[in-house]
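Student: Please take me through a close look at one part of this model. I would like each term explained when it comes up.

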Amino acid sequence: MSGVPLLQARELVRRYTMRRGLMGRPVEVRAVDGVTLALERGRTLGLVGESGCGKSTTGRLVLGLEVPDGGNVTFREGPMPPRQTAEWRRLRARMAMVYQDPLGALDRRLPIGTQIAEPLDIHGIGSRADRPERVAQLLRDVGLRPDHAQRYPHELSGGQRQRAVLARALATGPELLVCDEPISALDVSIQAQVMNLLAEVQERSGIALLFISHDLRAVRQMSHRVAVMYLGRIVEEGDPDAVLHSPAHPYSQALVSAIPQPGRGGRRIILQGDPPNPAARPSGCAFHPRCALAAALCSRAAPVLKPLPDGRLAACHVAHGTVSPRDGMPQQRAA
Ligand code: SF4
């Protein structure tokens, strides 16, 4: 192993233009605003944050499903080639995605086996004669039976459908799997099965996972490293034990405080103020209107994501000791 991460994304930016109403002025929204991340083979990076923080867009940029307005992606030691070239397609076949809604991700009119074989046809992998056995093996790999190949999506349970989606994603032998909220549409009883299956697949194949979720408990269970996003930027990143047990960034602290802790006390931090509006990004630290620790500097200067003494990364003036949380705006309250 070279020691170079399988995937590196540097300073990714994705902008959209929105118009409010028919006559409204166009407004630029930075859905992703300078995201840098790295992922090694066989490891899982958890990406967490509220809905709309840019984590799904980050996953799509990494996979080349959207073109970044800035920054770049390196995969297997080299920059991703221009889209739709033969080399791009060759590398793209080594990446796959699992979506939130397995029913929406599958074609209701086609049997499962046909859909699992589809990526093999698209990328010209293996011979047609080998397809049935290859599909049967993929089904076995995800805990389904070969005869499920003849079933249609509506004939499977939610958990079986997500397994079928995973079998299709694994068909080309990807080295990177982007899982975008892969368990949030499933019953709680099925969620653990799907997470265990992902962990088994990783153990067996050494695949790297970008695990995108708003569920901190799932991220804690799945991830070797975790990054917290707020309004298009990573605000804290590091070991899950550090970030999710003793978060350094006030936003991470609020997220973690919302996880019920049976048998343990702890104050829940209720964030005040409006939910983040990407079209009206606050100056300085984008979290400052909702942050109880905000100092005067926070509304003027954006904090840089940089290491704390324990090695984790955080983007917060107070966490880094640049300012004291003395002249804050006490907008959080304990529940
Ligand atoms: Fe709060 Fe200031 Fe830290 Fe932003 S930089 S999270 S406003 S203390």
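Tutor: The shell around the ligand is made up of 10 nonpolar residues, 3 polar ones and no charged ones, where Ala, Val, Leu, Ile, Met, Phe, Trp, Tyr, Cys and Pro count as nonpolar, Asp, Glu, Lys and Arg as charged, and the others, Gly among them, as polar. This is a predicted model, in which local features need pLDDT of at least 70 and side-chain atom pairs count only at pLDDT 80 or more, whereas totals for chains, interfaces and linings use all residues. Residues are numbered from 1 along each chain as its sequence is written, and side-chain values use heavy atoms, leaving out hydrogens and water. The ligand is surrounded by 13 residues, each having a heavy atom within 4 Å of it, and the closest are Cys285, Cys291, Cys298, Cys316 and His317.

Charged residues do appear elsewhere, since the whole structure holds 23 salt bridges, a salt bridge being a side-chain nitrogen of Lys or Arg within 4 Å of a carboxyl oxygen of Asp or Glu. One of them joins Arg225 to Glu237, with the closest N and O atoms 2.9 Å apart. Arg225 belongs to strand S9 (residues 225-230) and Glu237 to strand S10 (residues 233-238), so this pair ties together parts that are 12 residues apart in sequence; strands are DSSP runs of E, at least two residues long, numbered from the N terminus. Arg225 is partly exposed at 31% relative accessible area, while Glu237 is buried at 5% (buried means under 20%, exposed over 50%, partly exposed in between, with a 1.4 Å probe and protein chains only).

Note on methods
Helices (H or I, at least four residues) and strands (E, at least two) are DSSP runs, numbered from the N terminus.
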